[in-house]
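Biologist: Could you take me through one part of this model at close range? I would like to hear about the salt bridges.

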Amino acid sequence: MPTAQTPSALTDIVPALPGDRLTLADFSGLATTVAGYLYVKLVLDQETATVHLIDGADRMLHVQYVGERILGMTRAELARNLDAFNDSVYRADDRRFLLGTLALHDRPEYGGQFFSLETVEVDTMGPDLLTSFYRTVRALVDDTIPVLLKPANHLQESFLAAVPTDDLPRILAHELYSTAPYVPLNPGTTIGRLRLFNSEADYRSSTDPVRWHDILVMERMPDDIPRVSGLVNARHTTPLSHTNVLAAGWGIPNAIQQGALEAFADLDGTWVELTVDQAAPELAVRPVSRPDAIDAGPPWATTQIDIGKPDLALAQILPLEKLRATDAHRFGTKAANLGELSAVLRDGSPYWLGFYEAPRPPRPHLLEYLARHLKVTGTDAGELSHAAHRMVKDHVVVPRGIALPFALQQQFLESSPAIQQTIGKLKMALALGGEIDTLCAELGDLIRDTPLPDDLRTLIEDAVLRYLTGAGRVVVRSSSNAEDLIGFSAAGIYESVPDVESIEDVIDAIQRVWASLVTTRGVLLRDEAGIGLAECFMGVVIQQQLDGALGGVMVTTNPLDRSDFRSVLLNLARNSVDDVVSGARDPLQHLYNTMEGGSRTVALGAEAHDVDDQAKATLGKLALIGRLLQAHFAGADGPVDAPVDVEWLVDGDRIVLLQCRPYQLAA
């Protein structure tokens, strides 16, 4: 390949002149692997008509390369002027440098091998610059390999909407993601017995029960899987499905590998070592001998989960707005956090700038970025906090509701000798290793069907009438002390009952939620984690059910790239949160950058098309609010980067917050 000068050990510099061609061999020699594909960073210097290909071995950022290698800046100089320098290369209309990546894909559905050209995700490059960038790189690459422009964000997609695809061939991020053969969700290595199930029916009918040391391979994991050692999804799924959230909390290797059922069919039932690596092109699976250490039982069984000591003294039902996070020991984390959300909306927070105030070397903080989002001049913390509170009050609501404490459930359980007797039998079966399925089913039936004592029923009815008259439909949610714990998330284990309208149905729903504490799956998962039946209690949230054109879940991290502290992931569906959290419908997936700004769609899911620009703007506000809440719940001493999991609805520019809890990631 012709070069302008002899390549250094780090960099090839190629003049963008007719006749020069980048071959696959050249590309492979410079490339780095991420998420299963090869890519090379490149810089187009428009002033000198030169394309710089950055050797992946150097692991330099684009701006480092431009500043240090082209402009001769010292690293200290670059650090002092980093934000202004970023603006000059990512946002300026008269910019000298165009920055991007060239990635190689091999997809049969797109005719085999092709390159995708993409700018950095925060780049505001318009249609003229995008076209010039594409044509320059297209002229550099071997004619036999197609090159498609991949818009890096929603803004670029809107710029290119009027540009014919014949003039500028392109592929969208969600098209690539939805067909990616390999997506690492939770990196790691484990040894276990590989278990392949072609369908949920095969999984249900298996006479060989799934054990803790198994590695499951299925198209779609059932929500009620027990704790295992690894998960392989044989078709695309969202990182925020219940099973994938559990895998993240359990700290087990988890990935999408299309065709895994066919690829690993010969290994079904054998012992293997499974490795999920973000830098690898695919899963690594190799046969091994059964380890002797398996006989010692699951390693997590020796880890003590701190469940805290519940307070059973207070039997008072309270409106959510009266609760704070410190009330979790009486009402459960879900109820307490809803009360905390109400307080933040009402009073603001002394902590919610924490994510942006934290030092981010070489930057002392990110307050300038928050100021841009809030349209504030300067970085005065008081002014920023006031603007943040104004934005939250203008756009966010928490539905009104009430919380039933653990003490009410305990009073009900103690009111029935039959329930107490069955609880005793279940405790004995757990202690002696006996059969528990029948006992869990019997106890659940008793809790659902035993009439409430008159005084307890009257207390609940009076509270519903006092605080929820005129609310219309309500949703009755679980709020246990055995969920949202460090090392035990319990995502999807307990029941919530939507669309409840009559007082009779409210009572029935409360008892269903109480009964969900003693399902076989919940009891076994807690027992494996060392959480005894006697330690677990269930609070209940009864909340006005609001509607929205969009609903979903947000986590204030990027589960697809744990090193990406800028982005938050939103899963959304039209009209339904339940479709997202239950996994009944593959959701749209958006990533929002809460630092420089910008967003992109990484999956359409079951939707025929994306949401409109107004919805994207509102979701951008939601992403920013997620960062504020993340810092608020960290408080004065907690880690400001610890992510939260938020359930939400959006209707126009109104944001309804339904739940906020820690998003558990294993250490």
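Are Arg95 and Asp123 buried or exposed?

Modeller: Happy to help! This is a predicted model, in which local features need pLDDT of at least 70 and side-chain atom pairs count only at pLDDT 80 or more, while totals for chains, interfaces and linings use all residues. Residues are numbered from 1 along each chain as its sequence is written, and side-chain values use heavy atoms, with hydrogens and water left out.

Arg95 is buried, and Asp123 is buried too; buried means under 20% relative accessible area, exposed over 50%, and partly exposed in between, with a 1.4 Å probe and protein chains only. Arg95 makes a salt bridge with Asp123, and their closest N and O atoms are 2.6 Å apart. A salt bridge here is a side-chain nitrogen of Lys or Arg within 4 Å of a carboxyl oxygen of Asp or Glu. Arg95 sits in the loop between helix H4 (82-90) and strand E5 (97-107), and Asp123 in the loop between strand E6 (112-119) and helix H5 (127-140), so the pair ties together parts that are 28 residues apart in sequence. Helices (H or I, at least four residues) and strands (E, at least two) are DSSP runs, numbered from the N terminus.

Arg193 and Asp214 form another salt bridge, with the closest N and O atoms 2.8 Å apart. Arg193 belongs to strand E9 (residues 188-196) and Asp214 to strand E10 (residues 214-218), so this pair ties together parts that are 21 residues apart in sequence. Both of these residues, Arg193 and Asp214, are buried.

By this rule, the count comes to 34 salt bridges.
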